[in-house]
Amino acid sequence: MNGMWNPEYETMERERLRELQFERLQMTVRWAYNNVPFYREQWEEAGLRPQDIGSLDDLEKIPFTVKDDFRRAYPYGLFAVPLEQVVRIHSSTGTTSRPTVVGYTRGDLNTWAELTARVASAGGAHAHDVAQIAFGYGLPTGGFGLHAGLERLGATVIPASTGNTRRQLTIMRDFHTTVLVCTPSYAMYIAGSIEEMGFDREELKLRVGLFGAEPWTNEVREQLEARLGLSATDNYGLSEIMGPGVSGECLMKEGLHVNEDHFIVEVVDPETGERVPEGKEGELVFTSLTKEALPVLRYRTGDLATMNLRPCACGRTFARHTKVFARTDDMLIVRGVNVFPSQVEQVLGRIEGVEPHFQILLTREDALDQMEVQVEVEPAIFPDQMRKLVEFEREVADRLQEELGVRARVRLVEPKGVPRFSGKARRVVDNR
Ligand code: DLL
């Protein structure tokens, strides 16, 4: 079967898959209840015990887990194993609001590589490919996660990491890269830079693009395919659940197959938390089935999509969700980095002379996200000399970058220069 890493599971008959999910759910529930005080307390409050989960339908009885539970448990409070069994830590988002910290046992890393290998393979990558990974190698999960899967696939992996587009293009040409792995916005930027930097597309051997970590449309897909000369697929994941490898498109490009032997996916109404029928839009909720260090029960992602169980022409039986097109909260994704307006507010609050009025402006230039933060300064401080103004702007930009992990352009505005709102402040203007 072409392009399928693990046909035994990926084409498993639905009934058998449900049995497997139930077996694994029971194990996970016991594992979490017995080893994570957070879950035990939550269950006791709900009057629930592991033996009450007698079928897959009983999943709905289990209380939700949310991002704040991770923050409150910072850093290791949700781990189900002692730290000596944890061999890797990753973490997402800034330092002002407490970041989400996640851990992996040796077994978890093994599963993770299996699942990103499936995603890469579904997107068309194989053992003969040269894969250039332009996700950051660091605390976020993108780089290391996809790296492991592509290596397992047998591809030749180049850990290029992010940034320095000229160097990326030189590597791409000289090392004969066939698979590009990064955010869709960075791929667009690379596409725009090819000619600009004097490279010849004919010299590139790109064949496959594995893009994810942020929302993107089918229009962007078409552009990327045309401009880079590759087949582009979407893959999705989040650190709390594992990182990349949760779901990914096959070459049919009609939805992302969830690795359902390792995760149960539900779609719920973001307001009521009730499950919505197949085909209806709602918030994705995941339950891990095999994780050791960090089992997660009914995690509310904040990501909106619809699910369907229709058979796919690729032969996989795993359910598919549409591209994730929006979120339920105010989290912004800027060049693949998660940013909360509240983080900006906190940083500004700590800088002398800055008023608590700001607005974030998001645009896309040359296909790359640009973030501008307009900041109001106190009348006494508003620097009258140009040089001082530029220095102060740079200082604010540095402080923001330290906290957010992404560079913003800062524009100081005069007192009352930022629009005021009578109701909820419109902190973000997203013109992307
Ligand atoms: O972004 C993991 C990842 C890395 C996935 C590389 C794919 C490729 P976090 O930093 O925890 O993890 O951010 C998770 O990013 O809740 C979504 O809102 C968004 N997101 C991730 N993938 C997609 C996608 C990684 N394909 C948050 N489409 C998630 C839309 C995505 N949004």
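**Exercise 1.** Which residues does Glu-378 touch, not counting residues up to four places away in sequence?

*Solution.* Before starting, note that this is a predicted model, in which local features need pLDDT of at least 70, side-chain atom pairs count only at pLDDT 80 or more, and totals for chains, interfaces and linings use all residues. Residues are numbered from 1 along each chain as its sequence is written, and side-chain values use heavy atoms, with hydrogens and water left out.

Step 1: locate Glu-378 in the loop between β19 (368-377) and α11 (386-404), where helices (H or I, at least four residues) and strands (E, at least two) are DSSP runs numbered from the N terminus.
Step 2: list the residues in contact, meaning heavy atoms within 4.5 Å; they are Gly-353, Val-354, Glu-355 and Pro-415.
Step 3: take one of these, Val-354, which is 24 residues from Glu-378 along the chain, while their C-alpha atoms are separated by 5.9 Å.
Step 4: add the accessibility, for Glu-378 has a relative accessible area of 33% and is partly exposed, a class that lies between buried (under 20% relative accessible area) and exposed (over 50%), using a 1.4 Å probe and protein chains only.

**Exercise 2.** Find the order of the open sheet of nine strands, and describe how β3 sits within it.

*Solution.* Step 1: read the order as β4-β3-β5-β6-β7-β8-β9-β14-β13, with mixed pairing, where two strands pair if DSSP finds at least two bridges between them.
Step 2: identify the edges, which are β4 and β13 (307-308); each has a single partner strand, so one side of each is left without a neighbour in the sheet.
Step 3: follow β13 to strand β14 (residues 320-321), with which it pairs in the antiparallel sense over two bridges, Asn-308 standing opposite Arg-320.
Step 4: turn to β3 (residues 130-133), where Val-130 and Gln-132 point one way, Ala-131 and Ile-133 point the other way, and all are buried.
Step 5: examine the partners of β3, which runs parallel to β4 (residues 156-158) with three bridges joining them, and which also pairs in the parallel sense with β5 (residues 179-182) over three bridges. Ala-131 has Val-157 of β4 as its bridge partner, whereas Gln-132 stands opposite Leu-180 in β5.

**Exercise 3.** Describe how helix α5 packs against helix α6, and name the residues that make the contact.

*Solution.* Step 1: take the geometry of helix α5 (residues 106-122) and α6, whose axes are 7 Å apart and which pack at an angle of about 75°; axes are lines fitted to C-alpha atoms, for helices over the stretch in contact, and angles run from 0 to 180 degrees between N-to-C directions.
Step 2: classify the angle, which makes α5 roughly perpendicular to α6, since angles under 35 degrees count as roughly parallel, over 145 as roughly antiparallel, 65 to 115 as roughly perpendicular and the rest as oblique.
Step 3: name the residues, which in α5 are Asn-110, Trp-112, Ala-113, Glu-114, Thr-116, Ala-117, Ala-120 and Ser-121, and in α6 are Gly-145, Leu-146, Ala-148, Gly-149, Leu-150, Arg-152 and Leu-153.
Step 4: sort this contact by class into eight nonpolar, five polar and two charged residues, where Ala, Val, Leu, Ile, Met, Phe, Trp, Tyr, Cys and Pro count as nonpolar, Asp, Glu, Lys and Arg as charged, and the others, Gly among them, as polar.
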